[in-house]
Amino acid sequence: MRRALAPAKRPVSADTASPGASEVLIGKSSAMQALFKRIALVAPTESTVVITGESGTGKELVARAIHQNSLRAQGPLVPIHVAALSPALVERELFGEQRGGSAKPGVLANAQGGTAFFDEIGEL
């Protein structure tokens, strides 16, 4: 049982994807094999990736696997849960604001050199 729950320590393959230290994508079904192939295909590119699926299906795990296998892996992965953002303040919260002589950076500034993952973007 410990081996089954241990994090993968290798890049995306037909068996595993390593999105983080404690979360792992696993599966041998044809659907999971197709997913692993897609992750391996898009991870080394600079393309924007849209991950779709119902809540709780592992979209963030897929985003982490893509990030960990990308050229941006040394940078941060910043999950942005859009549904939790105040509708009146979305622009300010994402991009920051300049008030007087001081600037307050938005959450996107935290993703510099890494990946921004917008969860529940349909809520915008």
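Here are some questions and answers about the cores and pockets of this predicted model.

Residues are numbered from 1 along each chain as its sequence is written. In this predicted model, local features need pLDDT of at least 70, side-chain atom pairs count only at pLDDT 80 or more, totals for chains, interfaces and linings use all residues, and side-chain values use heavy atoms, leaving out hydrogens and water.

Me: Which element gives the largest share of the largest nonpolar core?
Reply: A nonpolar core is a set of buried Ala, Val, Leu, Ile, Met, Phe, Trp, Tyr and Cys residues joined through side-chain atoms within 4.5 Å, where buried means under 20% relative accessible area (1.4 Å probe, protein chains only). This one has seven residues: Leu-25, Phe-36, Ile-39, Ala-43, Val-62, Ala-65 and Ile-66. Two elements, α2 (30-42) and α3 (59-68), give two or more residues each; helices here are DSSP runs (H or I, at least four residues) and strands are too (E, at least two), numbered from the N terminus. The largest share, three residues, comes from α3.

Me: Which residues does Ala-43 touch, not counting those up to four places away in sequence?
Reply: Ala-43 belongs to the largest core. Counting contact as heavy atoms within 4.5 Å, its partners are Ile-66, Asn-69, Ser-70 and Leu-71.

Me: How many residues are in the second, separate core?
Reply: Among its members are Val-78, Ile-80, Leu-94 and Ala-111. The full count is six residues.

Technical notes: Buried means under 20% relative accessible area, exposed over 50%, partly exposed in between (1.4 Å probe, protein chains only).
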